[in-house]
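Thanks for coming. I will walk through one structure today, beginning with the sheet and ending with a few single residues.

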Amino acid sequence: MEEEKRKEKRKEKRKMKRISATGTAAVLLVLLVFLTGCPTSQEPPKSIVLFDTNGSPVNSNFTVEAVTGECITGWSVVAPEGYEHDGWFYQGERWDFSTDKVMGDMTLVAHWIPLTYVVSFEDAERVFATQEVSYLGLVEPPMDPDEPEGMRFVCWTYEGREWDFATERVTGNMTLSAYYEATDE
């Protein structure tokens with residue numbers, strides 16, 4: 001009987017150890033979840049800013065992550081041929097990187113303005129007219145130049161060929177030259 005009591009006591013001790021170990025494990029598990037679930041420092045909220053390059057063939061759209069409520073750094077882009085970058089716009093208004101703050105996910109759109117070129121018209125003696133024309137714009141034909149004695153004005157030429165005012169577009173500064181033919185007089 002005493003042997004049975006000892007066995008019963010040992011059994012009870014082992015059971016208590018198991019309960020104690022299980023309880024300790026549970027407490028440790030709760031502490032672990034609590035401690036890892038609580039950040040030690042609060043991260044500021046973030047927003048995504050899409051930079052839309054507005055169809056530029058030399059730049060791709062890109063995104064940056066920004067701190068909500070803060071200003072962001074402006075980004076440089078390469079202007080497509082014949083254009084200059086005129087800034088970034090948000091909902092039709094110019095974005096000021098030094099004062100405007102990101103308030104949520106947003107899209108900034110690149111604004112491009114065409115370059116302006118000078119088209120000069122020269123006759124046999126001088127440049128007698130100029131026009132300012134935007135990139136890919138059409139040139140307005142000027143009035144015909146004075147005709148030197150014994151010559152008749154035929155057309156305006158560029159690099160040795162007749163210029164077509166209805167279809168040819170300006171891509172840089174240029175000079176159109178008067179082309180004359182001798183008259184039979």
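Before the sheet, one term: two strands count as paired if DSSP finds at least two bridges between them. Keep in mind that what you see is a predicted model.

With that term in hand, here is the sheet. It is an open sheet of five strands, in the order β2-β1-β5-β3-β4, and the pairing is mixed. β2 (62-67) and β4 (93-94) are at the edges; each has a single partner strand, so one side of each has no neighbour in the sheet. Further in, strand β1 (residues 46-52) pairs with strand β5 (residues 106-114) in the parallel sense, over four bridges. To find one of the residue pairs there, look at Leu 50, whose bridge partner in β5 is Thr 107.

Now the whole protein. It has one helix and ten strands. Starting from the N terminus, the helix comes before the strands: α-β-β-β-β-β-β-β-β-β-β. There are 185 residues, and buried ones make up 26% of them. The accessible surface is about 13400 Å², with 52% of it belonging to carbon and sulfur atoms. As for contacts between residues at least 6 apart in sequence, 50% join residues at least 24 apart.

Next, the aromatic residues. How many aromatic pairs does a search of the whole structure find? The search finds twelve. One of them is Phe 62 with Trp 75, an edge-to-face pair with 5.6 Å centre to centre and 65° between the planes. This pair links distant parts of the chain, 13 residues apart: Phe 62 is in strand β2, and Trp 75 is in the loop between β2 and β3 (83-90). Phe 62 is partly exposed, at a relative accessible area of 22%. Trp 75 also counts as partly exposed, at 40%.

Another pair is Phe 153 with Tyr 180, again edge-to-face, at 6.1 Å centre to centre and 75° between the planes. Here the partners are 27 residues apart, Phe 153 in strand β8 (residues 151-158) and Tyr 180 in strand β10. Both Phe 153 and Tyr 180 are buried. They also belong to one aromatic cluster, together with Phe 121, Phe 128 and Trp 156.

Now the cysteines. A disulfide is a covalent bond between the sulfur atoms of two cysteines. How many disulfides does the model have? The count is zero, taking a disulfide as a pair of cysteine sulfur atoms within 2.5 Å. As for where two of the cysteines sit, Cys 71 is partly exposed, with a relative accessible area of 33%, while Cys 155 is buried, at 10%.

Two more residues to finish. Ser 120 is in strand β6 (residues 116-122). Is Ser 120 buried or exposed? Its relative accessibility is 14%, and the cut-off for buried is under 20%, so Ser 120 counts as buried. Leaving out residues up to four places away in sequence, Ser 120 touches Val 127, Ala 129, Thr 130, Met 174, Thr 175 and Leu 176.

The other is Asp 164, in the loop between β9 (161-162) and β10 (174-182). Asp 164 is partly exposed, with a relative accessible area of 34%. Its side chain reaches the backbone nitrogen of Ala 166 at 2.9 Å. Asp 164 and Pro 141 are 23 residues apart in sequence, and their C-alpha atoms are 9.5 Å apart in space.

Technical notes:
Residues numbered from 1 in each chain as written. Predicted model: local features only at pLDDT ≥ 70, side-chain atom pairs only at ≥ 80, totals over all residues. Heavy atoms only, no water. Helix = DSSP H or I, 4+ residues; strand = E, 2+ residues; numbered from the N terminus. Buried < 20%, exposed > 50% of the residue type's maximum accessible area, 1.4 Å probe, protein only. Contact = heavy atoms within 4.5 Å. Polar contact = N/O pair within 3.5 Å; in protein donor to acceptor, adjacent residues only side chain to side chain. Areas by Shrake-Rupley, 256 points an atom, 1.4 Å probe, with all protein chains shown as cover. Phe/Tyr/Trp six-rings, centres within 6.5 Å; stacked < 30°, edge-to-face > 60°.
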